[in-house]
Amino acid sequence: MKQASGSPDPEGAAFGREVRALVEAAVEALPERYRTVFTLRHIEELSTAETAELLELSEETVKTRLHRARSALRQELLLGAGVGIKQAFPFLGNRCDRMVESVLARIKRSESADNQRVRHCPPSR
């Protein structure tokens with residue numbers, strides 16, 4: 001959703017602010033030990049080794065906490081999105097139907113081509 005000038009349109013900008021607020025709230029809701037690891041790894045872009053050294057943890061502990069932080073964020077974001085999550089992936093009517101028809105036609109052509117190749121192969125001895 002961009003205007004010709006390259007800047008987001010008002011609707012796109014509002015959506016971006018809402019998503020940002022949702023993500024920030026979800027990160028803030030994490031327990032501190034998970035939030036710290038998540039922030040260092042994804043916001044500050046430190047490596048696992050750097051994060052482990054900084055926090056005086058093993059690399060395995062950093063990996064575990066990051067995994068748990070991501071899992072908690074995923075759940076929180078899905079809860080926060082609520083009913084809106086279905087609106088993120090709308091059925092687009094005729095466009096979806098055309099896409100399905102196109103994919104099925106390609107599959108059929110591919111199967112036909114495979115069958116043609118099999119018929120033209122000499123029998124193996």
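In this predicted model, Met99, Val100, Val103, Leu104 and Ile107 come together as a nonpolar patch on the surface, and their combined accessible area is about 450 Å². Met99 sits in helix H6, which covers residues 94-120. With a relative accessible area of 46%, Met99 counts as partly exposed, because the exposed class begins only over 50%.

Stepping back to the whole chain, the fold is all helix: there are six helices and zero strands. Read along the sequence, that gives the pattern α-α-α-α-α-α. Of the 125 residues, 14% count as buried. The protein chain exposes about 10,300 Å², and carbon and sulfur atoms supply 54% of that area. As for how the chain folds back on itself, 41% of the contacts with a separation of 6 or more are between residues 24 or more positions apart.

Now for the inside. The largest nonpolar core has 11 residues in all: Ala26, Val27, Leu30, Tyr34, Val37, Phe38, Ala52, Val62, Leu66, Ala69 and Leu73. Helix H1 (10-29), helix H2 (32-43) and helix H4 (59-81) each give two or more residues to this core. H4 makes the largest contribution, with four residues.

H2 can be taken as the first close-up. Its buried residues are Tyr34, Val37, Phe38 and Leu40, and these pack against H1, H3 and H4. Three of the names on that list, Tyr34, Val37 and Phe38, also turn up in the largest nonpolar core. Val37 gives a feel for the packing: leaving aside residues up to four places away in sequence, Val37 touches Leu55, Val62, Arg65 and Leu66. Two of those partners, Val62 and Leu66, are buried residues of H4.

H4 tells a matching story from the other side. Val62, Leu66, Ala69 and Leu73 are buried in this helix, and the buried residues of H4 pack against H1, H2 and H3. An α-helix has 3.6 residues a turn, so residues three or four places apart point the same way. The length of H4 also checks out: at 1.5 Å a residue, its 23 residues should span 33 Å, and the end C-alpha atoms are 32 Å apart, which agrees.

H4 has some polar residues worth a look too. A search of the whole structure turns up one salt bridge, and it joins the side chains of Glu60 and Lys63, with an N to O distance of 3.7 Å. Both residues belong to helix H4 and are three residues apart, about one turn of the helix. Glu60 has 52% relative accessibility and so counts as exposed, the cut-off being over 50%. Lys63, at 43% relative accessibility, falls in the partly exposed class.

Further along H4 comes Gln75. Its relative accessible area of 54% makes Gln75 exposed. Gln75 and Ala26 are 49 residues apart along the chain, yet their C-alpha atoms are separated by 9.2 Å. Ala26, for its part, is a member of the largest nonpolar core.

The loops hold a couple of backbone oddities. Glu45 has a positive phi of about 60 degrees although it is not a glycine. This residue follows H2 and is placed in the loop between H2 and helix H3 (48-55). Glu45 counts as exposed because its relative accessibility is 64%, past the cut-off of 50%. Glu56 shows a similar backbone feature: its phi is near 55 degrees, a positive value in a residue other than glycine. Glu56 lies in the loop between H3 and H4, and with a relative accessible area of 73% it is exposed as well.

Conventions:
Residues numbered from 1 in each chain as written. Predicted model: local features only at pLDDT ≥ 70, side-chain atom pairs only at ≥ 80, totals over all residues. Heavy atoms only, no water. Core = buried A, V, L, I, M, F, W, Y, C linked by side-chain atoms within 4.5 Å. Buried < 20%, exposed > 50% of the residue type's maximum accessible area, 1.4 Å probe, protein only. Contact = heavy atoms within 4.5 Å. Patch = residues over 30% accessible without salt bridge, like charges linked within 9 Å, V, L, I, M, F, W, Y side chains within 5 Å. Areas by Shrake-Rupley, 256 points an atom, 1.4 Å probe, with all protein chains shown as cover. Salt bridge = Lys/Arg side-chain N within 4 Å of Asp/Glu carboxyl O. Expected span 1.5 Å × (residues − 1).
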